[in-house]
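Thanks for coming. I will put the structure on the screen and then walk through it.

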Amino acid sequence: MQTNKPGVLVVDRVIQRIHTGVVRGHACRLKIAAPFLAVLLMADGCGDASNTDAEPFDPAKAAQVWNTADKTWDAEELEILESGKILYRGRCAGCHQLSGAGSTTIGAPALKGSAIARGSADILIRAVLFGRGSMPAFRNSLDNAGLARILSYVRNAWGNNMQEVVPVSRVVALRAAGN
Ligand code: HEC
């Protein structure tokens with residue numbers, strides 16, 4: 001490999017490291033310095049979707065967070081919203097922020113109040129499954145239930161307040177229909 005181009009060498013090393021999977025957490029930090037790399041890294045699954053530090057699901061506590069004057073969620077829905085939040089933290093928040101405010105550095109729009117997040121569930125599902133503009137596709141890294149959980153969270157967090165969970169069956173159908 002040509003070594004007299006430092007930039008190429010660094011990128012190549014980072015990619016090698018990603019492939020070995022050993023320094024994924026470290027690589028994630030690069031996104032602030034190099035937004036284009038963030039896309040690459042997040043597409044590769046940057047961020048840990050596993051739930052090591054989260055508290056066990058507590059329906060009563062979740063009800064306090066999610067129930068409003070207009071909507072009382074059942075325990076199954078509450079579990080979907082809470083697990084969707086954990087998945088969102090690992091898979092989306094690196095670009096869209098935990099607050100849903102997005103990131104101008106990365107060019108990721110706010111999901112809080114987003115017309116797409118709050119619009120047709122089908123269009124939203126397709127955007128995340130197959131990618132949108134510079135946002136990577138998630139069809140290979142999120143299963144149907146996981147994506148439905150994340151989008152259920154996104155559609156109800158931060159005042160998005162759509163008052164429904166996203167049916168897994170829609171994700172199954174749209175995935176099967178293809179891009
Ligand atoms: C690598 C950074 C990155 C990650 C990770 C990411 N996104 Fe995005 N997202 C973007 C960018 C950039 C756009 C703008 C795409 C465009 O329109 O060009 C975007 C756009 C969107 C939009 C459209 C919003 C609007 O109002 O225009 C939605 C919805 C969305 N993302 C949801 C998600 C969800 C859900 C996840 C997690 C599964 C996620 N994104 C993960 C970068 C990211």
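I will go from the overall make-up to one helix, then the core, then the ligand.

Please keep in mind that this is a predicted model. The protein contains 9 helices and 0 strands. Along the sequence the pattern is therefore just α-α-α-α-α-α-α-α-α, with helices counted as DSSP runs of at least four residues. Of the 179 residues, 28% are buried. If we take the contacts with a separation of 6 or more, 52% of them join residues 24 or more positions apart.

Now helix 5, residues 75–91. This helix has 17 residues and reaches 24 Å from its first C-alpha to its last, close to the 24 Å expected at 1.5 Å a residue. Which of its residues are buried? They are L78, I80, E82, G84, K85, L87, Y88 and R91. The cover over the buried residues of helix 5 includes helix 4, helix 6 and helix 8.

Helix 4 spans residues 59–66, and A60 lies in it. Is A60 buried or exposed? A60 counts as exposed, because it has 8 C-beta neighbours inside 10 Å, and the cut-off for exposed is 12 or fewer. A60 is 15 residues from A75 in sequence, and the two are 8.7 Å apart in space, C-alpha to C-alpha.

Next, the core. In soluble globular proteins, nonpolar side chains tend to be buried together. Here the largest nonpolar core has 27 residues, and those touching the most other members are I125, V128, L147, I150, L151 and V154. Helix 5, helix 7, helix 8 and helix 9 (168–177) each supply at least two residues of this core. Helix 8 gives the largest share, 6 residues. To take one of the core residues, V154 touches Y88, L111, A117 and N160, leaving aside residues up to four places away in sequence.

Last, the ligand. How many residues are around it? There are 28, and C92, C95, S114, G133 and M135 come nearest. By type, the shell divides into 20 nonpolar, 6 polar and 2 charged residues. Where do they come from? Helix 3 (35–43), helix 6 (93–96), helix 7 (121–130) and helix 8 (144–156) each supply at least two residues of this shell. In terms of domains, the shell takes at least three residues from domain 1 (1–47) and at least three from domain 2 (51–177).

To recap one thread: helix 8 supplies residues to the nonpolar core and to the shell around the ligand, and helix 8 is also among the elements covering the buried residues of helix 5.

Note on methods. Residues numbered from 1 in each chain as written. Predicted model: local features only at pLDDT ≥ 70, side-chain atom pairs only at ≥ 80, totals over all residues. Near = placed C-beta within 6 Å. Nonpolar A, V, L, I, M, F, W, Y, C, P; charged D, E, K, R; others polar. Domains from an automatic or database assignment. Buried ≥ 20, exposed ≤ 12 C-beta atoms within 10 Å, placed from the backbone. Expected span 1.5 Å × (residues − 1). Contact = placed C-beta atoms within 7 Å. Core = buried A, V, L, I, M, F, W, Y, C linked by C-beta atoms within 7 Å.
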